[in-house]
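Colleague: Mind walking me through this one? I'd like to begin with the charged pairs and work outward from there.

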Amino acid sequence: MEKLLAEGAILSLDDFGTGYSNLMRINKFPFGDVKLDMSFVRTYFNEANPLLPAMVKSFQASGIKTTAEGIETKDMVEALTGLGCDILQGYYFSRPLPEQDFLAYMQNQPQSFR
């Protein structure tokens with residue numbers, strides 16, 4: 001991990017809030033990004049649960065970027081951007097693609113998107 005960080009890599013904790021992906025992992029390892037599990041995103045939009053905004057603010061205060069998984073609509077993009085999520089990931093942007101299709105897709109995106 002130290003070698004990767006020295007080379008400029010950013011370590012990301014995937015699926016935060018489920019399984020072994022928890023606050024103790026963040027305290028133990030030098031993560032620069034936390035990927036919020038899509039179950040938190042869905043719960044926020046289904047029940048207006050205050051947990052997701054609180055998590056985003058907490059990570060911001062700690063200098064850790066947040067990635068929200070499971071983004072499927074423009075409303076989700078606007079709301080999560082408004083909450084301060086740094087990166088959004090989901091079918092709204094693209095379904096999983098084979099390598100060559102992904103490279104072609106990225107070639108056609110504005111520089112600010114990359």
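Colleague: How many salt bridges does the structure hold?

Modeller: Keep in mind that this is a predicted model. A pair counts when a side-chain nitrogen of Lys or Arg sits within 4 Å of a carboxyl oxygen of Asp or Glu. On that basis, the number of salt bridges in the structure is 4.

Colleague: Which strands does the salt bridge between D14 and K35 link?

Modeller: The side chains of D14 and K35 meet at 3.6 Å, N to O. The pair joins distant parts of the chain, with the two residues 21 apart. D14 belongs to one strand and K35 to another, namely β1 and β2.

Colleague: Is K35 buried or exposed?

Modeller: K35 is in strand β2, residues 33–36. Buried means under 20% relative accessible area, and K35 comes in at 17%, so K35 counts as buried.

Colleague: And what about D14, which class does its relative accessibility put it in?

Modeller: The class between buried and exposed runs from 20% to 50%. D14 has 38% relative accessibility, so D14 is partly exposed.

Colleague: Which residues do salt bridges with shared partners join into one network?

Modeller: Besides its bridge to D14, K35 has one with E69, also 3.6 Å from N to O. That second pair spans 34 residues, from E69 in strand β3 to K35 in strand β2, and both E69 and K35 are buried. K35 also touches both partners, D14 and E69 among them, on its contact list. The network is therefore made of D14, K35 and E69.

Colleague: Where is E72, the partner of R42?

Modeller: The side chains of R42 and E72 meet in a salt bridge at 3.9 Å, N to O. They are 30 residues apart, and R42 is in helix α3. R42 is partly exposed at 39% relative accessible area, and E72 is partly exposed at 44%. As for the place of E72, look in the loop between β3 and α5.

Colleague: On to the inside. Which elements give two or more residues to the largest nonpolar core?

Modeller: The largest nonpolar core has 23 residues, and F16, L36, L52, F59, I71 and L80 have the most contacts inside it. Strands and helices both supply it with two or more residues: β1, β2, α3, α4 and α5.

Colleague: Which residues does L52 touch, leaving out those up to four places away in sequence?

Modeller: L52 is one of the residues with the most contacts inside the core, and it is buried in α4. Leaving out those sequence neighbours, its contacts are L36, F40, V41, Y44, L80 and L83.

Colleague: Why are the buried residues of α4 said to be on the same side of the helix?

Modeller: The residues in question are L52, P53, M55, V56 and F59. They are on the same side of α4 because the arc they cover around the axis is only 160°.

Colleague: Which residues are exposed on the other side of α4?

Modeller: The buried residues of α4 have cover that includes β1, α2, β2, α3, β3 and α5. Across the helix the picture changes, and the exposed residues there are K57 and A61.

Colleague: What follows α4 with a positive phi?

Modeller: The helix covers residues 51–61. The residue to look for has a phi near 80°, and that is G63.

Colleague: Which residues form the nonpolar patch on the surface?

Modeller: Together the patch has about 250 Å² of accessible area. One member, in the loop between β4 and α6, is L97, and it is partly exposed at 36% relative accessible area. The full patch is L97, F102 and L103.

Colleague: Last one, zooming out: what share of the 114 residues is buried?

Modeller: The protein has 6 helices and 4 strands, running α-β-α-β-α-α-β-α-β-α from the N terminus. The C-alpha trace spans about 40 × 40 × 25 Å along its principal axes. About 7,700 Å² is exposed, with carbon and sulfur atoms supplying 54% of it. The buried share of the residues is 32%.

Note on methods: Residues are numbered from 1 along each chain as its sequence is written. This is a predicted model: local features need pLDDT of at least 70, side-chain atom pairs count only at pLDDT 80 or more; totals for chains, interfaces and linings use all residues. Side-chain values use heavy atoms; hydrogens and water are left out. Buried means under 20% relative accessible area, exposed over 50%, partly exposed in between (1.4 Å probe, protein chains only). Contact means heavy atoms within 4.5 Å. A nonpolar core is a set of buried Ala, Val, Leu, Ile, Met, Phe, Trp, Tyr and Cys residues joined through side-chain atoms within 4.5 Å. Patches are made of residues with over 30% relative accessible area and no salt bridge: like charges are joined within 9 Å, nonpolar side chains (Val, Leu, Ile, Met, Phe, Trp, Tyr) within 5 Å. Accessible areas come from the Shrake-Rupley method with a 1.4 Å probe; for residues, only the protein chains shown count as cover. The arc is that of the directions from the helix axis to the C-beta atoms.
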